[in-house]
Amino acid sequence: MTQPAIALSPDAQKEIADALNQSVAETVVTTMLAQNFHWNVKGMAFGELHRLFQEIYEDHFQGQDDLAERIRAIDAHAEGMLAGMLDRSKVKEHDGHQSDREMIEILMKAEETIAATLGGLGELAASHGDTLTEDLAIERGRAHEKFAWMLRAHLG
Ligand SMILES: [Fe+2]
């Protein structure tokens, strides 16, 4: 077995892996939300929202991979089951029958939720000296806050 890049105690490793798994889960659920809304959005702003939702799910698809691979880098197990992710995620699914405005509000709140989870992960990682996880949490948190802003700006 290879050594992780940093020597975490078993407790710290579990805490950080749990927070990373929650971040992955919320990113996965939001990826699905954005793709669902990309498919089902209607209204005069269809083209713009269709493209924005695609930009979001493409970013998140890469982001969830980076977070899950960080879990493996610290030698913990990455949750890979949808049921487990839905269980861990504070972001919930929606059926895609919402109005365009409701879709924007739901996604904006999802982005804010993930940004908050990643903020907590960054602080937790820093408290254990795991600066590489902290760096990833900051990078991903910034991406989610940017999308939260872009969505919020549509609401006037
Ligand atoms: Fe598409």
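A crossing of two helices is left-handed if the near helix is turned anticlockwise from the far one by less than a right angle, and right-handed if clockwise. This tour uses that term at its third and fourth stops.

The structure is a predicted model, in which local features need pLDDT of at least 70 and side-chain atom pairs count only at pLDDT 80 or more, while totals for chains, interfaces and linings use all residues. Residues are numbered from 1 along each chain as its sequence is written, and side-chain values use heavy atoms, with hydrogens and water left out.

**First stop: the annotated domain.** Select residues 18–156, where UniProt, in an unreviewed entry, places the feature "domain: Ferritin/DPS"; such annotations may be inferred rather than shown by experiment. This stretch is 78% helix and 0% strand, helices being DSSP runs (H or I) of at least four residues and strands (E) of at least two, numbered from the N terminus. The C-alpha atoms at its ends are 36 Å apart.

**Second stop: the core.** Select Phe-53, Ile-56, Leu-107 and Leu-151, the residues with the most contacts inside the largest nonpolar core, which has 42 residues. A nonpolar core is a set of buried Ala, Val, Leu, Ile, Met, Phe, Trp, Tyr and Cys residues joined through side-chain atoms within 4.5 Å; buried means under 20% relative accessible area, exposed over 50%, and partly exposed in between (1.4 Å probe, protein chains only). At least two residues of this core come from each of H1 (10–40), H2 (46–73), H4 (100–127) and H5 (131–153). H1 gives the most, with twelve residues.

**Third stop: H1 and H2.** Display these two helices together: their axes are 8 Å apart and the packing angle is about 160°. H1 is therefore roughly antiparallel to H2, a label for angles over 145 degrees. Axes are lines fitted to C-alpha atoms, for helices over the stretch in contact, and angles run from 0 to 180 degrees between N-to-C directions. H1 passes H2 in a left-handed crossing.

**Fourth stop: H2 and H5.** Here the axes come within 11 Å and cross at roughly 165°, so H2 is roughly antiparallel to H5. This crossing is left-handed. Residues of H2 that meet H5 include Leu-52, Asp-59 and Arg-70.

**Last stop: His-128.** Select His-128 in the loop between H4 and H5. His-128 is partly exposed, with a relative accessible area of 32%. Leaving aside residues up to four places away in sequence, His-128 touches Leu-8, Ala-12, Glu-15 and Ile-16, contact meaning heavy atoms within 4.5 Å.

Conventions
Angles under 35 degrees count as roughly parallel, over 145 as roughly antiparallel, 65 to 115 as roughly perpendicular and the rest as oblique.
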